Amino acid sequence: MNNILNTKEFFRYVIPSVLSFALSGVYAIVDGYFVGNSIGDAGLSAINIAFPIVAVIQAIGTGIGMGGAICWSIKKAEKKNNEAREFTAGALWLMIILSIVLTFFIYFLNETLLKLLGAGGELLSLGMEYIAVIALGAGLQVIGTGLVPFIRNHGGSFYAMVSMIAGFVTNIFLDYLFVWIFELELYGAAWATVIGQGVTMLIALIYLLRKKQFTMVIPLSKFRSVSASVVRIGIAPFGLTMTPNISVIIINRFSVSYGGDMAIASYACIGYIICIIYLILQGVGDGSQPLISKYFGEKDLRKLKSTRGLAYGFAMFLSVISCIIIFLLRRSLGAIFGTSSEVNFEISKIIPIFLISVPFVAITRITTASFYATGKSTLSYILTFIEPVLMLVFMLILPPLFGGQIMIWWSTVIARILSAVLAVILKKTEDNKLKLTL
């Protein structure tokens with residue numbers, strides 16, 4: 001009976017989280033869909049090159065929000081209510097401060113950042129148009145994404161999903177209005193994204209205010225230590241959110257040399273699809289986080305391991321189902337974004353390669369989430385950032401030796417498989433230590 005209740009509680013947290021993360025990934029696809037069908041390959045490629053900047057903004061919000069929410073959960077489980085509220089306030093102040101910094105930094109270094117990402121010519125001008133607006137709305141995105149983990153950890157997983165759905169629907173409607181009706185192209189798509197995130201932020205704030213969980217009161221003497229704890233834990237969820245986009249940056253930079261514009265346009269579509277799958281898997285990890293953090297704080301090892309086992313199983317199930325669906329639809333994926341027939345054909349050939357790595361990513365994501373949910377920051381850092389490091393190493397070595405662009409694609413797969421192997425090793429090692437301490 002206890003196991004049944006535990007399973008029900010698990011899915012009550014995880015299902016809304018999975019849907020929320022899936023919607024956050026679809027945000028990018030919505031812009032790509034409307035812009036691609038309005039401008040074509042150039043517009044789609046411009047958003048693909050510029051999107052890592054958007055992802056940094058959202059990942060910072062996610063990282064600060066998750067870091068604060070995890071600290072809140074652990075302190076709450078330890079019956080330290082005042083300290084828990086200080087983590088809420090500290091995280092909110094960090095979101096505000098970083099929002100201001102990001103707005104000025106991205107707005108005034110817009111062109112420089114895009115050039116570093118490989119943009120030039122038409123892609124640069126289109127990307128600058130898009131990112132200038134995104135920078136102005138950075139605060140809405142940071143706070144909107146940052147408040148969602150707090151709602152989830154306060155038991156409002158369904159409400160968190162509702163806030164994401166509201167922002168998503170707003171984004172779709174405004175993309176249709178701004179891009180297709182008013183023909184504002186990337187400028188309109190950017191405003192649609194910003195306003196959609198603003199709606200999510202507003203609904204999240206209403207929830208916290210109604211539950212009397214919104215507070216910005218924290219002694220100045222404690223702000224530094226609280227902020228350090230939030231950031232220390234938040235680096236891993238920040239990195240997990242950014243990893244697909246770091247991959248985009250690395251792949252785009254190497255594809256410029258080996259595959260050219262067609263390779264970039266092809267991966268623009270593949271990246272959108274793969275990113276959604278990875279966010280779904282992260283949704284399983286982050287959805288189970290409140291329970292894992294709670295059981296860790298209560299020192300209930302049995303329930304902690306049971307919850308983590310459910311997370312592994314559900315993530316693996318979703319990864320296999322996702323791979324089957326994408327494989328069956330592979331010949332029509334490019335058409336969704338209005339790509340040329342040549343790019344669409346290239347996508348259908350390439351995407352099966354990327355699907356090989358998806359089950360391995362499921363293992364890495366759940367292991368990483370369980371580490372930062374229990375305050376194991378160093379281990380979560382290792383698993384978060386080892387993948388792009390391995391990817392970069394393989395791309396420097398394999399393409400010149402074994403076949404150019406095709407080895408760019410295979411380098412990503414090999415890096416993700418090895419990351420999963422490392423995750424299993426670290427998990428077993430940590431489990432042995434956990435038995436001694438709890």
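Start with the whole protein chain: 59% of its 438 residues are buried, where buried means under 20% relative accessible area, exposed over 50% and partly exposed in between, with a 1.4 Å probe and protein chains only. This is a predicted model, in which local features need pLDDT of at least 70 and side-chain atom pairs count only at pLDDT 80 or more, while totals for chains, interfaces and linings use all residues. Residues are numbered from 1 along each chain as its sequence is written, and side-chain values use heavy atoms, with hydrogens and water left out.

**The whole chain**

Switch to a cartoon view. The protein chain has 16 helices and zero strands; helices (H or I, at least four residues) and strands (E, at least two) are DSSP runs, numbered from the N terminus. The C-alpha trace spans about 60 × 45 × 40 Å along its principal axes. Its radius of gyration is 21 Å, which agrees with the value near 22 Å for a compact globule of 438 residues. That radius is taken over C-alpha atoms, and the globule rule is 2.2 Å times the number of residues to the power 0.38.

Of the contacts between residues at least 6 apart in sequence, 84% join residues at least 24 apart; contact means heavy atoms within 4.5 Å.

Now show the surface. The accessible surface comes to about 17200 Å², and 69% of it belongs to carbon and sulfur atoms; the areas come from the Shrake-Rupley method with a 1.4 Å probe, and for residues only the protein chains shown count as cover.

**Buried stops**

Select Ile-151 in helix 6 (residues 138–153). Ile-151 is buried, with a relative accessible area of 0%. Beyond its neighbours within four places in sequence, Ile-151 is in contact with residues including Tyr-159, Ala-204 and Tyr-207. Ala-204 is 53 residues away along the chain, with 7.2 Å between the two C-alpha atoms.

Next, go to Asn-171 in helix 7 (residues 157–181). Asn-171 is buried at a relative accessible area of 0%. A polar atom of the Asn-171 side chain lies 3.3 Å from the backbone nitrogen of Thr-193. A polar contact is a pair of N or O atoms within 3.5 Å; within protein, one must be able to donate a hydrogen and the other to accept it, and residues adjacent in sequence count only if both atoms are side-chain atoms.

Move on to Ile-276 in helix 10 (residues 260–297). Ile-276 is buried because its relative accessible area is 15%. Add Leu-23 to the selection: Leu-23 and Ile-276 are 253 residues apart in sequence, and 8.1 Å apart in space, C-alpha to C-alpha.

Then select Ser-419 in helix 16 (residues 405–437), a buried residue with a relative accessible area of 0%. A polar atom of its side chain lies 2.8 Å from the backbone oxygen of Ala-415. Not counting residues up to four places away in sequence, Ser-419 touches Thr-364, Leu-383, Ile-386, Glu-387 and Leu-390.

**Two positive phi angles**

Most residues other than glycine have a negative phi. Select Lys-79, whose phi is near 65°. Lys-79 lies in the loop between helix 2 (41–77) and helix 3 (81–108) and is exposed, with a relative accessible area of 70%.

Finish at Glu-185, which has a positive phi of about 55° although it is not a glycine. Glu-185 lies in helix 8 (residues 185–210) and counts as partly exposed, at 34% relative accessibility.
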